[in-house]
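Trainee: Could you take me through one part of this model in close detail, and then place that part in its wider setting? I would like to follow a helix from its ends to its surroundings.

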Amino acid sequence: MSTRTGIAFLKGHGTENDFVIVPDPENTIDLPPAAVAALCDRRAGIGGDGLLHVVRSAAHPEARHMASEAEWFMDYRNGDGSIAEMCGNGVRVFARYLQRAGHVTEGDLAVATRGGVKTVHIAKTAPGSGGAQGDVTVGMGRAMLPEGDVTVSVGARSWPARNVNMGNPHAVAFVDDLAHAGNLYAPPPFSPAGAYPDGVNVEFVVDRGPRHVALRVHERGSGETRSCGTGACAVAVATARRDGNDPAVTGTPVTYTVDVPGGTLVITERPDGEIEMTGPAVIVAEGEIDAEWLETFVR
């Protein structure tokens, strides 16, 4: 742990999925689960759905093997301090931070994650946009569709769910009304119990129009969030298969608009299986964490 009186942080969000950002290029700041959970606490900390620990790939033991492909590693943590493989909204905010810090410019870059190296494109600021920064597009990789029936439940209601893996696990259930998802404070029960040994992100989905859906999500380790990037991708894939749209079969890309409580994401699946997610990313604040306060969660 640093002996400085303050540790730099920023706060950002992607479609209101919000994150504490801790720049630490050389991986010198100790961030055990208790410290991360304290920082993400909305009453006693800074507040966030998760934490983006910004580290050079070469400086992190989990990312050194990716350093030749991506200079920067997104060491992502859930709001409860647990480690996650990937976070789609987090990657966009991570890229926006790198842009703000002068590490990258508009255009293409690569970001290392526990789910592999992700390609990112930062769009130019559009004329007439009032200076609003361009959207960020993330190459989210391919979806895996594990076999086997899955069911999710809320109270007395149960629904069949599509098992989709986007580098992290998702259960996608189509419902008649998003209110049927309940309060989503606790993880919705699922069966069979062995389907998701490490827990699962659960998306409840309704149709809004042609190739247009809306969701609510319980994120593993965070509860209900305003947005989930990997979840939006999982929903787009599950909806496309429900609708009979498989780009690998048709040879034509398919695009779905996915409304989340915090905004809108656009998801495109290509014939080669690659999925792209486009949406906003905003940095809203920066400051310093009191190092002595954080130290109490490290001991």
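Mentor: In this predicted model, the protein contains five helices and 18 strands, and the part I would single out is helix H2, which runs through residues 88-100. H2 has 13 residues, and the distance from its first C-alpha to its last is 19 Å, close to the 18 Å expected at 1.5 Å a residue. Taking buried to mean under 20% relative accessible area, one finds that 12 of the 13 residues of H2 are buried, so this helix is largely enclosed by the rest of the structure. The buried positions begin with Gly 88, Asn 89, Gly 90, Val 91, Arg 92 and Val 93 and continue with Phe 94, Ala 95, Arg 96, Tyr 97, Leu 98 and Gln 99. Just after H2 comes Gly 102, with a positive phi of about 85 degrees.

Helix H3, at residues 229-242, can be read in the same manner. Its 14 residues should span 20 Å at 1.5 Å a residue, and because its end C-alpha atoms are 20 Å apart, the model agrees with that expectation. H3 is also mostly covered, with 12 of its 14 residues buried; the buried set consists of Gly 229, Thr 230, Gly 231, Ala 232, Cys 233, Ala 234, Val 235, Ala 236, Val 237, Ala 238, Thr 239 and Ala 240. H3 is followed by Gly 244, whose phi is positive and near 80 degrees.

For helix H1, residues 33-40, the buried residues are Ala 35, Val 36, Ala 38, Leu 39 and Cys 40, and here we can also say something about what covers them. The cover includes strand E2 (17-23), strand E3 (50-56), strand E4 (72-78) and strand E18 (282-290), together with helix H5 (291-295).

The loops on either side of E2 deserve careful inspection of their backbone angles. Glu 16, in the loop between strand E1 (6-14) and E2, has a phi near 65 degrees, which is a positive value in a residue other than glycine, and at 35% relative accessibility Glu 16 counts as partly exposed. Asn 27, in the loop between E2 and H1, likewise has a positive phi, near 60 degrees, and is a residue other than glycine; its relative accessibility of 24% makes Asn 27 partly exposed. A further backbone feature is the cis peptide bond from Ser 191 to Pro 192, with omega near 0 degrees, where Pro 192 lies in the loop between strand E11 (190-191) and strand E12 (201-209).

As for the wider setting, a compact globule of 299 residues would have a radius of gyration near 19 Å, and the protein, at 19 Å, agrees with this, while its C-alpha trace spans about 55 × 45 × 40 Å along the principal axes. Buried residues make up 52% of the 299 residues, and among contacts with a separation of 6 or more, 61% come from residues 24 or more positions apart. The protein exposes about 12,700 Å², of which carbon and sulfur atoms supply 50%. Finally, there are 25 positive and 37 negative side chains, and the centres of these two sets lie 2 Å apart.

Note on methods. Residues are numbered from 1 along each chain as its sequence is written. This is a predicted model: local features need pLDDT of at least 70, side-chain atom pairs count only at pLDDT 80 or more; totals for chains, interfaces and linings use all residues. Side-chain values use heavy atoms; hydrogens and water are left out. Helices (H or I, at least four residues) and strands (E, at least two) are DSSP runs, numbered from the N terminus. The expected span of a helix is 1.5 Å times one less than its number of residues. Buried means under 20% relative accessible area, exposed over 50%, partly exposed in between (1.4 Å probe, protein chains only). The radius of gyration is taken over C-alpha atoms; the globule rule is 2.2 Å times the number of residues to the power 0.38. Contact means heavy atoms within 4.5 Å. Accessible areas come from the Shrake-Rupley method with a 1.4 Å probe; for residues, only the protein chains shown count as cover. Lys and Arg count as positive and Asp and Glu as negative; His and the chain ends are not counted. The place of a charge is taken as NZ of Lys, CZ of Arg, CG of Asp or CD of Glu.
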